[in-house]
Amino acid sequence: MKTLGLLGGMSWESTAIYYRLLNEIVRERLGGLHSAKLLLWSFDFAEIADRQHHGDWDGAGVLLVEAARKLEAGGAEGLLLCTNTMHKLADQVQAAVSIPLIHIADATAVAVKRAGMQRPALLATRFTMEQDFYKGRLADKYGLQPVVPDAAGRDMVHRVIYEELCQGVVTEASKAAYIAETERLRREEAADSVIMGCTEITMLIGQPDFDIPVFDTTRIHAEAAVAFMLP
């Protein structure tokens, strides 16, 4: 089994889900008392979120690169960036280390294409929905046509992530709002599936809430990581 380095804490709510999933999937594969060999660097998310919202991506990149190098020095043989949004800096992190980074958008795109879907509704932070580092990768590398909410929808989805989910708050009102926004994208933008493009969204909605395919990026990423660890 390879040792995996986790760049986590962004937020710790979803990193805890990653930790559980990685260990559960390894146990499913190997049985008995087996669990995942992991190193975790857990950020103080306030320091990252402040840089995100002030557009200081260079400063955030410095923090990620420093942590990635420390994980590599500690014995990590691969890296998992436990957040969709911070994959904006994935290439920068990859360039700073000699071990592979398992990209969440690549793993997700493969799952979407395998399911035969083409126009997934992308629910995520405003950064992921509005910037091109994620949508562009899905389109340019995999030929997908992701669709995102309108301005009001993006504001709602983003607010729920930072003000609720990242703080461990899950409400029925926000769940209903996410479902309604997805249904609107399905009706008005011909969305044929849903990408839960923020690792915290798995706390709020899931496949049972829809009759179209739902792609849980947290689980998909964890499954790709275990495939790397246990080829």
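In this structure, D106 is in contact with R137, K141 and Y142, once its neighbours within four places in sequence are left aside. The model is a predicted one. Its features include an open sheet of three strands, helices α1 and α3 packed on that sheet, and a largest nonpolar core of 83 residues.

**Residue D106**
- D106 belongs to helix α5, which covers residues 104-114.
- Because its relative accessible area is 15%, under the 20% limit, D106 counts as buried.

**The sheet**
- The three strands are arranged in the order β2-β1-β3, and their pairing is parallel.
- The edge strands are β2 (38-42) and β3 (78-81), each of which pairs on one side only.
- From one strand to the next, the twist averages 20°.
- Strand β1, made up of residues 4-8, is joined to β3 by four bridges, and these two strands run parallel.
- Within β3, L81 is the bridge partner of L7.

**Helices packed on the sheet**
- Helix α1 (residues 12-30) packs on the sheet and touches β1, β2 and β3. The direction of α1 makes about 175° with that of β2.
- Helix α3 (residues 57-73) also packs on the sheet, where it touches β1, β2 and β3. The direction of α3 makes about 155° with that of β1.

**The largest nonpolar core**
- Among the 83 residues of this core, L4, L22 and Y178 touch the most other members.
- Helix α3 supplies the largest share of the core, with seven residues.
- Apart from its neighbours within four places in sequence, Y178 is in contact with L123, M156, V157, V160, I161, I201, L204 and I205.

**Helix α8**
- Helix α8 consists of 13 residues, 151-163. At 1.5 Å a residue it should span 18 Å, and its end C-alpha atoms are 18 Å apart, so the two values agree.
- The buried residues of α8 are G153, R154, M156, V157, H158, V160, I161 and Y162.
- The elements covering these buried residues include α2 (45-53), β4 (120-123), α6 (126-130) and α9.

**Residue T182 in helix α9**
- T182 is found in helix α9, which covers residues 172-189.
- With a relative accessible area of 1%, T182 falls under the 20% limit and is therefore buried.
- Not counting residues up to four places away in sequence, T182 touches L123, V194 and F210.

**Helix α10**
- Helix α10 covers residues 217-229 and has 13 residues, so at 1.5 Å a residue it should span 18 Å. The end C-alpha atoms of α10 are 18 Å apart, which agrees with that expectation.
- At the start of α10, a side-chain oxygen of D216 comes to within 3.1 Å of the backbone nitrogen of T218.
- T217, T218, I220, H221, A222, A225, V226, F228 and M229 are the buried residues of α10.

**Residue A139**
- A139 lies in helix α7, which covers residues 132-142.
- A139 counts as partly exposed because its relative accessibility is 30%, and that class lies between the limits of 20% and 50%.
- A139 and Q92 are 47 residues apart along the chain, and their C-alpha atoms are separated by 21 Å.

Key: Residues are numbered from 1 along each chain as its sequence is written. This is a predicted model: local features need pLDDT of at least 70, side-chain atom pairs count only at pLDDT 80 or more; totals for chains, interfaces and linings use all residues. Side-chain values use heavy atoms; hydrogens and water are left out. Two strands pair if DSSP finds at least two bridges between them. Axes are lines fitted to C-alpha atoms, for helices over the stretch in contact, and angles run from 0 to 180 degrees between N-to-C directions. Contact means heavy atoms within 4.5 Å. The expected span of a helix is 1.5 Å times one less than its number of residues. Buried means under 20% relative accessible area, exposed over 50%, partly exposed in between (1.4 Å probe, protein chains only). A polar contact is a pair of N or O atoms within 3.5 Å; within protein, one must be able to donate a hydrogen and the other to accept it, and residues adjacent in sequence count only if both atoms are side-chain atoms. A nonpolar core is a set of buried Ala, Val, Leu, Ile, Met, Phe, Trp, Tyr and Cys residues joined through side-chain atoms within 4.5 Å.
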